[in-house]
Amino acid sequence: MTDANQTPSGPSGAGPMPIPGHIDPVPVPRPNLVEGVTPREDGRLDLIGLPKKRIAEMFETAGLDAKAAKLRAKQVYHWLYHRGVTEFEAMTDIAKTMRPWLAERFVIGRPEIVEAQHSSDGTRKWLLRTADAHDFEMVFIPDADRGTLCVSSQVGCTLNCRFCHTGTMRLVRNLTVGEIVGQVMLARDALGEWPKGRMDFSFGDGIDGADVADDEEEGSYTSDGRLLTNIVMMGMGEPLYNFDNVRDALKLVMDGDGLALSKRRITLSTSGVIPQMARCGEEIGVNLAVSLHAVTKDVRDEIVPVNKKYGIEDLLQACADYPGASNARRITFEYVMLKDKNDSDDDARELVRLLKKYDLPAKVNLIPFNPWPGAQYECSTPERIKSFSEIVFRGGISAPVRTPRGRDIDAACGQLKTAAEKKSRAELERLYAEKEKELG
Ligand code: SF4
């Protein structure tokens, strides 16, 4: 167990720590790292990102006896993830004398907001910063019947998909569990969506003089209709290259005692990292979206280079095997419409043929390309997109055209992160080659 009173460090004491996660692309120095805890400069430990059991362990390490630690963890967990409080002082069923003790040792973190933009169509976009000063993005897209938060999993990305602005940025590091779940919490803060009303339960413990619910009275406790109804792991980064942290963050999001969002309302989007796809279905159980974007090897090799490693046919077989996929839970295939690249009628017919060959419960999202400065592609014409969509529809597969959102604030992935380092094309190729080697 980690001692919260010690100064945590890497195995060598001060050297670089490996990034937690199944695949560990770029080790970077991480001072004061306790496993699973987002590091803070002042030495306090950030509780956001930790499950109840780990919070109890931290409290015990800090000096509470096991019974008290478990009880406090249950209370604090509820306040953190279900009520969204950001100060221990607001935890009214914890004794007043206990709250400063918590505040001296722990912190309730949120990513820092560097910039917040609001589109005329309601889309909201935030540039966020980690405690160690790395920037990443989050986007909220409201629709008539839902509100979708697009969450990032990495700072930058290794996969350099040619149509994606994030793909031009250097991978800095994986986001921690706290930084991932913190995005959802920040969105709830911004949308004013934490449950309102008073608590109607209490923890009758009497431990170390704590009174129960000392400021609260019984009353209504509601988690009423919300704007934020859906989450897509479709922001910066490839979530399956940060599998463990994404899984642990989504477990907090799905926990009924936590953020309490149904797994049916969560979608993880991958560019096709086949070895992790089954794990995603088994260990997280969320909906799957696949960035397909092309139906021939040549074109997909060019625009989604991970295709050189994991080809289309193997990818579609992995989709057919995805645990939990059914007609009620179809797999979404994302298809960005690039002029004269992947948008012909033949491409549309081949798409239908492939999806039928693997008998996939599929829907296709057609995405008009949103060009960014330096992009080497143009968006297909509206007529071309319409023709493509109709062919797929006639093939018996739903293929709606996604309405471009937030164009006045450049809401596509990676477009706000202006401070990100740019890689040269040669460097991208080198990094990609390294990634391929690493994946074996
Ligand atoms: S589309 Fe996704 S996986 Fe591809 S470069 Fe962009 S962020 Fe990375």
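## Strand 11 and its neighbours

In this predicted model, Ile231 of strand 11 has Ile266 as its bridge partner in strand 12. The two strands run parallel and are joined by 3 bridges, with strand 12 spanning residues 266-270. Between them the chain passes from strand 11 through helix 5, residues 243-254, before entering strand 12, and this β-α-β crossover is right-handed.

Strand 11, residues 230-233, is also joined by 3 bridges to strand 6, residues 147-150, and this pair likewise runs parallel. Here Cys150 is the residue that stands opposite Val232 of strand 11. Strand 11 is covered on both of its faces, since Asn230 and Val232 are buried on one side, while Ile231 and Met233 are buried on the other.

## The sheet as a whole

Strands 6, 11 and 12 belong to an open sheet of 9 strands, in which the order is 3-4-5-6-11-12-13-14-15 and the pairing is mixed. At the edges of this sheet stand strand 3, residues 112-118, and strand 15, each of which pairs on one side only. From one strand to the next, the twist averages 20°.

Strands of a sheet pair through backbone hydrogen bonds, and this pairing can be either parallel or antiparallel. Towards the strand 15 end of the order, helix 10 lies across strand 14 and strand 15, and its direction is at about 180° to that of strand 15.

## Helix 9 and its buried side

Helix 9 comprises 13 residues, 345-357, and reaches 18 Å from its first C-alpha to its last, which is close to the 18 Å expected at 1.5 Å a residue. Its buried residues are Asp347, Ala348, Leu351, Val352, Leu354 and Leu355. These residues lie on the same side of helix 9 because they cover an arc of only 165° around the axis. An α-helix has 3.6 residues a turn, so residues three or four places apart point the same way.

The cover over these buried residues includes helix 8 (312-320) and helix 10 (382-394), together with strand 14 (331-337) and strand 15 (362-368). On the other side of helix 9, by contrast, Asp346 and Lys356 are exposed. Just after the helix, Asp359 takes a positive phi of about 55°.

## Elements shared by the two regions

Strand 14 and strand 15 link the two parts of this description, as both belong to the 9-stranded sheet and both are among the elements that cover the buried residues of helix 9. Helix 10 is also part of that cover, and helix 10 lies across strand 14 and strand 15.

Key. Residues numbered from 1 in each chain as written. Predicted model: local features only at pLDDT ≥ 70, side-chain atom pairs only at ≥ 80, totals over all residues. Heavy atoms only, no water. Helix = DSSP H or I, 4+ residues; strand = E, 2+ residues; numbered from the N terminus. Expected span 1.5 Å × (residues − 1). Buried < 20%, exposed > 50% of the residue type's maximum accessible area, 1.4 Å probe, protein only. Arc of directions from axis to C-beta. Contact = heavy atoms within 4.5 Å. Pairing = 2+ DSSP bridges. Axes fitted to C-alpha atoms, helices over the stretch in contact; angles between N-to-C directions. Right-handed = clockwise from strand over helix to strand, strands pointing away.
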